[in-house]
Structures are given as C-alpha cells and as structure tokens.
Amino acid sequence: MNNSQFLSKCTADVIDNAAAQLIAGHLVAFPTETVYGLGADASNEEAVRRIYEVKGRPTDHPLIVHISSVNSLHKWASDIPEYAIKLARDYWPGPMTLVLKRTSEAENFITGGQDSVAVRVPNNSVAISLLQAFESKGGKGIAAPSANRFGHVSPTSAQDVFTELGNYLSIHDLILDGGKCAIGIESTIIDCTKETPQILRPGAITPAMIQKSTGLEVLIEDKSDIRVSGNLEKHYAPQAEVFLDQIPKAGQAFIALSDIATPEGVVRIAAPDTAEEFSRILYESLRRGDTLGIREVVVIQPIGYGIEIGIRDRLNKAAQGR
Ligand code: TXA
Ligand code: MG
C-alpha cells in the first residue's frame, strides 16, 4: 500500500469514499474507542475472506458485525432477550459486543458456522460516520476484527495498523486515522443466547455494569466451548516475553501503576496513574518495548474488578502463565 491510502484527515468526503470502497468489496481499517478494526462488508463473502488473508487468521474464527445503532440490530440478530435490549440501550454506542441468535443475514463466513452472531455499535465519531455512510449506500454491517496480524497485540493508533498490516493490504484498501483509541483494550463480549448474560471476554463494560443494567447475575466463564480466538494459548502478545508480578531486573522493560517505583537499570515503559490509563496505554507500551528491542517485559497487574479484569485477562494471555 502507499501513502495515499493512509488518510489522516477524515472529512465527510474521505468517509464517503471509504464507505464506497467497502461496498466495492475492499477493506477499510478504522478507529473505534477500543482498538482499530479491519473492516469489510459483512454481507460480502469475498471481502470477508480477505480479512482472514490479511490477518493470517484461521477462517473458522467468527467476526464481530459493527452497526451504526441499535435500530439495525434486527437485521443480524433474532430472538433477542429482554436483558440484551437493556444492555444495548444502556451501553451502545460503547465498548460492548453482544452475541445473539443469528438471522440469515449472518452467514457462515461471519459466524464461523455457529448459530450465533456477535454485534457491536462502536462509540467513535469516525466509526459511526463510516457506518452511517456505508448503510446509506445499502450496506447492512461492517465485519471488523482488530486490525493486527493473528495473535499479535491489537493496534490503538492508525500508525500501529500500518505497521501491522501495511505489507498485506492491497492498493484499494484504506486506513482511516482517528487518533489514539480512548479505551485501548477490546470490547467486553457478552453471550446473550442463554437465560442470563455470560462474559466471554472482559473489557470496559464491567460485571457490575451488566448486573446494574439487567438486574441479573453475571457469569464469567473462562472455559467456553464457543470459539473465541482470544482463548487460544498465546494471544495479545508482543515480541518480547511477558512476565507478570515479579521484581524486574536490569535491562528488562517494566509496566506498573505510577505509585510503584522503578528498580535501578530497569527500563520503565509505562507508569499509568489509573486503571483506565493502564488500559489505554498498555498495547502501545508493549509495542514501544518491541521497537526498543527489549526482549523481556515485566508487568505488575492492577488489582480491582472493573476494567482491571480485562487488563489482567489480556496480560495473562500475552504471558501464557509466566
Ligand atoms: O473491541 C473490539 O471488539 C474490536 C473492535 C474492532 O470492535 N474487535 C475485536 O474483534 O476485538 P476480534 O475479531 O479481534 O475479536 C472478536 C472476538 C473473537 O475472538 C471472536 O472469536 C469472538 O469475538 N466472536 C465473534 N463472534 C462470536 C460468536 N458468535 N460467538 C462467540 N464469540 C464470537
Ligand atoms: Mg483480535
């Protein structure tokens, strides 16, 4: 790909052209409040197949369908339980993905052959404008996984998308630059196909928030028979080896909350003040460690049951139990 495909000013014309490229079957990487997504027309099998090629991701892994508002939900999902409607009303647009029974619009190439579909309304002005322009041209939804190569750290800036995928995108594909992602880790995925909501991937929408919205007990299931690619052994992983909750040694990189001091000789790559800042800068910090050529990074996990659960989930996958 070349520079003209990297669009740093997302004017209405740029967005309209990007929507047209999606309709034509090309790929558009775009910002969301969580991480950048690699988008394709979710109704176009050929276009969706290219997502898998560019990511190097196994084709039986299902994708999230992004829509502009809850009003489009019925196109993709049926038999929507009352509690899922409550969640959608309370937290969309936002960092939450709902897994629901699919309609015939959600074909096997989106769902990985499962009878459920994952849907999300992102809370980012570029993403929403793109979705609205796409829908005004007859599009029904944009399938978008995180815009990284399979198993790697998700990108939280357009430059990170270019670094990950620049070599794999074609001359018709685009990257929309919407600045840095506000949340920094992927959306909370909630299985809404059962009697009660079940968290498949923790994120910024916390168990307490789900409980408050639905009045129901929330299950957090670690071992799910549903295919979530993040549940594979190694995921969200930088090139460096990640070690958790140890005292860092000289030469190692170090990420911890700002009230934890840096031992001598250790390369401090992040010192966030809050859990929210921790999540926002985690992936870019891991990338920076790789850029610096550091082989080992120690992370002290944040304590707490809000977004900290999501942070620990990603760190444990990146560390593979180290
Ligand atoms: O924040 C996010 O969710 C970002 C932004 C771009 O929206 N997207 C994202 O997509 O993280 P991806 O593909 O990297 O992760 C989505 C996860 C995958 O692990 C996939 O297996 C799971 O969602 N998923 C998709 N459809 C599913 C379904 N029907 N049932 C269970 N899990 C599903
Ligand atoms: Mg991903």
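## A lined cavity

P238, A240, A253, I269, S285, L286, G289, D290, I294 and V297 form the lining of the second largest cavity. This is a predicted model, and two cavities of 30 Å³ or more turn up in it. The second largest one holds about 40 Å³ of space.

Which helix gives the most to that lining? It's α9, with four residues. Sorted by class, the lining comes out as seven nonpolar, two polar and one charged residues.

## Salt bridges: R50 and D173

Side chains of opposite charge can pair when their charged atoms come close. Search the whole structure and you get 14 salt bridges. One of them joins R50 to D173, with 2.7 Å between the closest N and O atoms. R50 sits in helix α2 (residues 45–55), while D173 is in the loop between α7 (158–165) and β9 (174–176), so this pair ties together parts 123 residues apart in sequence.

Are these two partners buried or exposed? R50 has 18% relative accessibility, so R50 counts as buried, the cut-off for buried being under 20%. D173 is buried too, at a relative accessible area of 0%.

## K180 and E284

Another salt bridge brings the side chains of K180 and E284 together, at 3.2 Å from N to O. Here the loop between β9 and β10 (188–191) supplies K180 and helix α9 (residues 275–291) supplies E284, so parts 104 residues apart in sequence are tied together.

How do the two ends fare for accessibility? K180 is at 61% relative accessibility and therefore counts as exposed, since exposed means over 50%. E284, on the other hand, is buried, with a relative accessible area of 18%. Helix α9, home to E284, is also the element that gives the most to the lining of the second largest cavity.

## A network around R314

What does R314 pair with? Its salt-bridge partner is E186, and the closest N and O atoms are 2.8 Å apart. R314 belongs to helix α10 (residues 307–319) and E186 to the loop between β9 and β10, so the pair links parts that lie 128 residues apart in sequence. Both R314 and E186 are buried. There's a wider network as well: salt bridges with shared partners connect E186, D313, R314 and K317.

The loop between β9 and β10 comes up twice in these pairs, holding K180 in one and E186 in the other.

Helix α10 is also where you'll find I307, which is buried with a relative accessible area of 7%. I307 and P207 are 100 residues apart in sequence, yet their C-alpha atoms are 9.4 Å apart in space.

## Around ligand 1

Ligand 1 has 26 residues around it, and T34, R57, H66, S187 and R201 come nearest. For R57 there's a specific contact to look at: a polar side-chain atom lies 2.8 Å from an oxygen atom of the ligand.

Two other contacts are worth pulling up on screen. R120 places a polar side-chain atom 3.1 Å from an oxygen atom of ligand 1. With S116, the ligand atom is a nitrogen, 3.1 Å from an N or O atom in the S116 side chain.

Key. Residues are numbered from 1 along each chain as its sequence is written. Chains are lettered from A and ligands numbered from 1 in the order in which they are written. This is a predicted model: local features need pLDDT of at least 70, side-chain atom pairs count only at pLDDT 80 or more; totals for chains, interfaces and linings use all residues. Side-chain values use heavy atoms; hydrogens and water are left out. A salt bridge is a side-chain nitrogen of Lys or Arg within 4 Å of a carboxyl oxygen of Asp or Glu. Helices (H or I, at least four residues) and strands (E, at least two) are DSSP runs, numbered from the N terminus. Buried means under 20% relative accessible area, exposed over 50%, partly exposed in between (1.4 Å probe, protein chains only). On a 1 Å grid over the protein atoms alone, a cavity is a set of points where a 1.4 Å probe fits but cannot get out, and a pocket is an open set with protein on both sides within 12 Å along at least five of seven lines; lining residues have an atom within 4 Å of a point. Grid points are joined across faces, edges and corners, and a volume is the space filled by probe spheres set on the points. Ala, Val, Leu, Ile, Met, Phe, Trp, Tyr, Cys and Pro count as nonpolar, Asp, Glu, Lys and Arg as charged, and the others, Gly among them, as polar. A residue is near a molecule or strand if one of its heavy atoms lies within 4 Å of it. A polar contact is a pair of N or O atoms within 3.5 Å; within protein, one must be able to donate a hydrogen and the other to accept it, and residues adjacent in sequence count only if both atoms are side-chain atoms.
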